[in-house]
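Trainee: I'd like to learn how to read a few side-chain features. Can we walk through one together?

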Amino acid sequence: MCCRIKLNIMTPEIKKDIPKLFKVTIDNITVEVEAGTSILQAARKIGGDVAPPAMCYYSALKGSGGKCRTCLVEVVAGSTADPRPMPKLVASCRTNVMDGMVVKNITSERVLEARRGVVEFLLINHPLDCPICDQAGECDLQDLSYSHGEAGTRYEFKRRTFERVDLGDYIQLHMTRCILCYRCVYVADQLSDKREHGVLDRGDHSQIATFIAKNLKNDFIGNVIDVCPVGALTDRTFRFKNRVWFTKPMYAHRDCSKCCGEVTLWQRGDEVLRVTARKNEWAEVKNSTKGTPGWICNECRFDKKKTNDWVIEGLAPLNRHSVISQNKYPGLVMPKETIKKVMNGKEPNLLMDIHEISGVNDPEIKLSEIEGPATSETFEKKSQ
Ligand code: SF4
Ligand code: FES
């Protein structure tokens with residue numbers, strides 16, 4: 001006990017020696033960060049590919065990280081005081097920088113090799129059902145496997161599967177897709193009064209489940225949908241309504257007594273198909289304009305699906321290399337129309353009216369208002 005007290009005492013001289021800012025070099029780029037910053041946050045300060053991918057860490061959730069190992073990096077020099085390399089790769093979300101630390105991320109073959117292995121592990125049980133998954137286009141695992149994965153897998157056994165479970169009226173859990181990142185557990189712990197779900201069982205049997213099949217009823221529980229990096233927790237009001245890249249993300253706000261009221265509306269035409277929190281370039285919930293984390297309440301997320309519920313601010317910035325950004329380029333200058341010239345003055349939209357050919361594009365059918373996904377019946381009934 002005595003020794004510990006002695007170690008914790010810092011004389012003014014010792015304090016003076018500790019620099020306020022630590023210099024850390026990541027992939028040959030040096031950056032200065034405050035003491036106590038993780039390697040991951042330091043790398044994010046540099047940005048781009050230097051920032052390791054993170055599937056379980058989430059800045060706004062205390063205690064998150066350390067579960068998935070996608071953020072592994074190589075520390076080739078521990079600090080100026082002790083420049084020895086760290087023998088093993090370390091989780092950058094859980095390792096703090098030291099002054100003079102030298103780190104390799106994408107410049108390390110060891111890291112890239114390990115990350116390929118991590119992706120292969122994450123995909124051992126994850127189904128390859130991207131073509132029908134609502135998360136496709138904004139799935140962190142999909143992006144990770146494209147950028148860091150192998151083309152094939154060596155896994156030959158049967159994947160574990162689960163029945164889909166409705167967690168209350170608004171959220172569906174498809175456990176088969178879960179990668180056990182624990183983010184949703186932290187959301188329930190930190191944003192709701194009482195957590196009613198968690199990771200049950202151990203090892204190969206681990207699963208996200210509600211205790212005794214309880215519904216998750218809490219004003220902020222919808223945020224589990226936003227933090228889930230895969231399609232394991234999806235918005236039941238949006239499931240199978242549209243591919244996300246066909247929708248247009250618009251920033252909007254309203255006066256809300258429960259949350260910041262600052263959201264992204266995902267519109268198709270004037271219809272609001274879903275409402276989410278605003279995300280930053282790391283796919284994490286952005287701080288609101290008041291500087292607090294921008295979590296949104298269930299009322300804003302699930303009950304306010306009309307454009308006149310909102311003050312629309314404009315197109316949401318889309319920085320990520322995502323299919324969602326297709327056709328949504330701010331400041332785009334369209335090329336001069338040439339078809340009109342070729343077709344002797346006919347307007348191109350008069351050449352083919354898609355609504356006459358395809359009933360599923362009928363603008364009179366409000367996809368956001370029908371119960372569940374649209375089927376052929378939805379369109380047949382309309383034409384009768
Ligand atoms: S359901 Fe989603 S957020 Fe929750 S642990 Fe699984 S992958 Fe993570
Ligand atoms: S993001 Fe660091 S271990 Fe998952």
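Trainee: Is Y155 buried, partly exposed or exposed?

Mentor: First, the ground rules: this is a predicted model, where local features need pLDDT of at least 70, side-chain atom pairs count only at pLDDT 80 or more, and totals for chains, interfaces and linings use all residues. Residues are numbered from 1 along each chain as its sequence is written, chains are lettered from A and ligands numbered from 1 in the order written, and side-chain values use heavy atoms, with hydrogens and water left out. Buried means under 20% relative accessible area, exposed over 50%, and partly exposed in between (1.4 Å probe, protein chains only). Y155 comes out at 28%, so it counts as partly exposed.

Trainee: Which residue forms an aromatic pair with Y155?

Mentor: In general, you describe a pair of aromatic rings by the distance of the centres and the angle of the planes. Here, rings of Phe, Tyr and Trp (its six-membered ring) pair if their centres lie within 6.5 Å; planes under 30 degrees apart are stacked, over 60 edge-to-face, and the rest tilted. The whole structure has four such pairs. In one of them, Y155 meets F157 edge-to-face, at 5.6 Å centre to centre with 70 degrees between the planes. F157 is exposed, at 63% relative accessibility.

Trainee: How many disulfides does the structure hold?

Mentor: A disulfide is a covalent bond between the sulfur atoms of two cysteines. The test is a pair of cysteine sulfur atoms within 2.5 Å, and the count is zero. Take C300: its nearest cysteine sulfur belongs to C259, 3.7 Å away. C300 is buried, at 0% relative accessibility.
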